[in-house]
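Work through the following exercises on aromatic rings with the structure open beside you. Each task is followed by a solution that goes step by step.

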Amino acid sequence: MSANSSIEWTDATWNPVRGCTKISPGCKHCYAETFAERFRGVKGHPYEQGFDLRLVPEKLAEPLRWRTPKMIFVNSMSDLFHEEVPDDYIVAVTRVMVAANWHTYQVLTKRSRRLRNLLNSTLSFAAAQPHIWWGVSVEDRKHGVPRIEDLQNTDAAVRFLSVEPLLEDLGKLNLNGISWVIVGGESGPGARPMKKEWVVSVRNLCRHASVPFFFKQWGGVRKATSGRKLDGRTYDEFPRRVRHPVLATNECLSLAASIEVAFRRVDLVECLV
Ligand code: SF4
């Protein structure tokens with residue numbers, strides 16, 4: 001877990017899974033891949049295996065050790081619903097989120113079909129938890145927009161869209177049941193451009209539907225110079241957060257220990273190889 005994150009819409013990141021594979025055009029310049037591959041082969045580094053997907057059970061219980069409530073981006077360096085992550089492991093990650101409920105979790109995926117199927121079955125115990133926000137990436141019409149319907153077909157209490165990198169005009173989005181929309185342009189070398197009218201269109205749809213809107217950045221090769229103002233102002237809106245008391249330290253430690261023991265089992269360790 002990283003205690004602090006430079007991502008504008010979160011406080012911290014938690015990565016009980018590392019690595020991923022590309023699935024749609026939004027992945028083209030995946031920052032997680034670029035970061036992870038830099039350390040491939042570096043002995044002892046968390047990304048010694050580059051961007052190869054692997055479970056990290058020793059990280060599972062980390063939110064239980066965080067005493068200060070935080071907004072936590074779950075798997076900033078992976079996709080929890082990747083097809084190679086076993087159902088049991090996704091359930092374990094979700095159980096930690098339910099137990100450590102003084103934090104707010106942001107779970108973002110491009111594998112929306114699996115998110116929908118699990119939230120409607122094995123993960124239904126967590127769907128209604130207002131401190132867990134379930135989101136899908138929406139970068140274009142062909143791959144991104146259909147993910148919205150998958151998300152809407154769940155009982156998630158809080159559903160959000162990460163419209164980043166916004167690659168084209170998305171048209172008239174259906175925002176029924178959506179609690180939050182983030183928009184951002186791609187940044188870094190080779191960044192694909194984002195037109196202002198595409199952003200304005202999403203913002204106006206959010207305004208019309210009374211959905212909180214967060215404008216992350218214009219992006220580009222030097223994102224610091226393009227900034228994050230739209231029509232002369234910033235948009236930093238969030239859904240309402242629920243506040244739960246922090247569990248007593250001894251309860252947290254004993255829960256963390258039991259989770260860690262359970263997920264150091266041979267079958268999951270085998271998945272790491
Ligand atoms: S799904 Fe996310 S983490 Fe995985 S390759 Fe695509 S952008 Fe990267």
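**Exercise 1.** Find the ring over whose face Arg233 lies, and follow that ring to its aromatic partner.

**Solution.** In this predicted model, Arg233 lies over the face of Tyr235, at 3.8 Å from the ring centre. The next step is to turn to Phe213, whose ring centre is 5.3 Å from that of Tyr235, with the two planes at 75°. Since planes over 60 degrees apart count as edge-to-face, this pair is edge-to-face. Now place the partners along the chain: Phe213 belongs to strand 9 (residues 213-217), whereas Tyr235 sits in the loop between helix 8 (223-226) and helix 9 (249-262), so that the pair links distant parts of the chain, 22 residues apart. Finally, Phe213 and Tyr235 are both buried.

**Exercise 2.** Determine how Trp133 and Trp180 are arranged, and which parts of the chain their pair ties together.

**Solution.** The ring centres of Trp133 and Trp180 are 5.3 Å apart and their planes meet at 75°, an edge-to-face arrangement. Because Trp133 lies in strand 6 (residues 132-137) and Trp180 in strand 8 (residues 180-184), the pair ties together parts that are 47 residues apart in sequence. Each of the two, Trp133 and Trp180, is buried.

**Exercise 3.** Place the Trp133 ring in its wider setting, and find the ring beneath the charged end of Arg95.

**Solution.** Trp133 belongs to a cluster, linked by ring pairs, whose members include Trp9, Phe73 and Trp180. In the whole structure, a search finds 13 aromatic pairs. As for Arg95, its charged end sits over the ring of Phe125, 4.5 Å from the centre of that ring.

Conventions:
Residues are numbered from 1 along each chain as its sequence is written. This is a predicted model: local features need pLDDT of at least 70, side-chain atom pairs count only at pLDDT 80 or more; totals for chains, interfaces and linings use all residues. Side-chain values use heavy atoms; hydrogens and water are left out. Rings of Phe, Tyr and Trp (its six-membered ring) pair if their centres lie within 6.5 Å; planes under 30 degrees apart count as stacked, over 60 as edge-to-face and the rest as tilted. Helices (H or I, at least four residues) and strands (E, at least two) are DSSP runs, numbered from the N terminus. Buried means under 20% relative accessible area, exposed over 50%, partly exposed in between (1.4 Å probe, protein chains only). A charge sits over a ring if NZ of Lys or CZ of Arg is within 6 Å of the ring centre and within 35 degrees of the ring normal.
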